[in-house]
Amino acid sequence: MSQELPATIPAALFYERADAIADAARELAQHGWTPATSSNFSMRVDADHAAITISGRDKGKLGRDDIMLVDMQGKAVGTPSRPSAETELHTQVYRRWPDVNVVLHTHSRTQSVASRLFAKDGVIRLEGWELQKAIRGHTTHESTLNIPVFPNTQHMPELVTQVDAWIDAGKPLHAYLINGHGIYTWGHDMAEARRHLEALEFLLGCELDLRRLNA
C-alpha cells in the first residue's frame, strides 16, 4: 500500500477501517447498489482523519489497497491517490456530528428513481411505516421521517451549503437524496449505518410501489 500514515494513526487502526469499508462495499455491490464504480464509503479514523474509497474503483472488488486517508477538509493525506469527488460530503457529516463514525453512499435503482420522482417536492415524507423504527431516534411508526432531495451539481461546495442550510434550520437529518443520483446515510458504527441504508432502501421502494398502485 502506498498510504503513508501520520505518526498519530496506528497502521492496525487504519487497516481495520479499510477492511471494514471494503467488506461492506463488496456486500452492497452484490445487491446491485454500486453500479459502474459508483458509490463511496468512509469511516472516521480519528478526530482529524477518515478512511474513504479511492475514486473510480470497482466497489464489488474492493480491498485494503482501494482505501485512502483524508483529512476533515477532504484532502488526501500521505498518498497520491485521488479520493471520491464527493469526499466533502462525507467529511461534512463527521464535522457536524462527532458521534458519527461511518458514512455510506449508494446508487441503487430504487434510490435513483425516488430521487427523480420527489425532486420537485424537495423532500420525501415517510409516515406510518413500521420500519421507520430502524432509524436512530425513531421509536414508533407514528412519526414523520423527512428525507430531503437536494438538486444535483458537480460543484461539491454547493451541495455542502445546501446540507448545512437544512441542518442549521434545525431540521432533523438522518439521510438525504441527490436528484438523479443516490442516497447518503450514516451511523455511529457500520452496523447502524448499514441498518439505516437497508431500511431506507426498503421504505423508498414502498413509496414507489404506492405511487404506481395509486396512479
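Which hand, left or right, does the crossing of α1 and α5 have? The crossing is right-handed, and the views below, all taken from a predicted model, start with that helix pair.

**View 1. Helices α1 and α5 pack against each other at an angle of about 20°.** Their axes lie 12 Å apart. Angles under 35 degrees count as roughly parallel, so α1 is roughly parallel to α5. If you would like to find the contact yourself, look on the α1 side for A20, I21, A24, E27 and L28. Their partners on α5 are M190, R194 and L197.

**View 2. Helix α1 spans residues 11-30.** From the first C-alpha to the last, this helix of 20 residues reaches 29 Å, close to the 28 Å expected at 1.5 Å a residue. Just after the helix comes G32, a residue with a positive phi, near 85°.

**View 3. The buried residues of α1 are covered by strands and a helix.** Buried here are F14, R17, A18, I21, A22, A24, A25 and L28. Their cover includes the strands β1 (40-46), β2 (49-53), β3 (67-71) and β4 (102-106). Helix α5 (190-214) is also part of that cover. I21, A24 and L28 are worth a second look: these residues of α1 are buried and also take part in the contact with α5.

**View 4. Helix α2, residues 87-96, is largely enclosed by the rest of the structure.** The reason is that 7 of its 10 residues are buried. You can pick them out as T87, L89, H90, T91, Q92, V93 and Y94.

**View 5. Helices α2 and α4 pack with their axes 10 Å apart.** The angle between α2 and α4 (residues 156-168) is about 30°, which makes the two helices roughly parallel. Their crossing is right-handed. On the α2 side, the contact is made by E88, L89, Q92 and R96. Across from them, α4 contributes M156, P157, L159, V160, V163, D164, I167 and D168. Two of the α2 contact residues, L89 and Q92, are also among the buried residues of that helix.

**View 6. An annotated domain covers residues 19-208.** The name comes from UniProt, where an unreviewed entry lists "domain: Class II aldolase/adducin N-terminal" for this stretch. In the model, the end C-alpha atoms of residues 19-208 lie 34 Å apart. Helix makes up 33% of the span and strand 23%.

Key
Residues are numbered from 1 along each chain as its sequence is written. This is a predicted model: local features need pLDDT of at least 70, side-chain atom pairs count only at pLDDT 80 or more; totals for chains, interfaces and linings use all residues. Side-chain values use heavy atoms; hydrogens and water are left out. Helices (H or I, at least four residues) and strands (E, at least two) are DSSP runs, numbered from the N terminus. The expected span of a helix is 1.5 Å times one less than its number of residues. Buried means under 20% relative accessible area, exposed over 50%, partly exposed in between (1.4 Å probe, protein chains only). Contact means heavy atoms within 4.5 Å. UniProt positions are given in the numbering used here, feature names are shortened, and annotations may be inferred rather than shown by experiment. Axes are lines fitted to C-alpha atoms, for helices over the stretch in contact, and angles run from 0 to 180 degrees between N-to-C directions. Angles under 35 degrees count as roughly parallel, over 145 as roughly antiparallel, 65 to 115 as roughly perpendicular and the rest as oblique. A crossing is left-handed if the near helix is turned anticlockwise from the far one by less than a right angle, and right-handed if clockwise.
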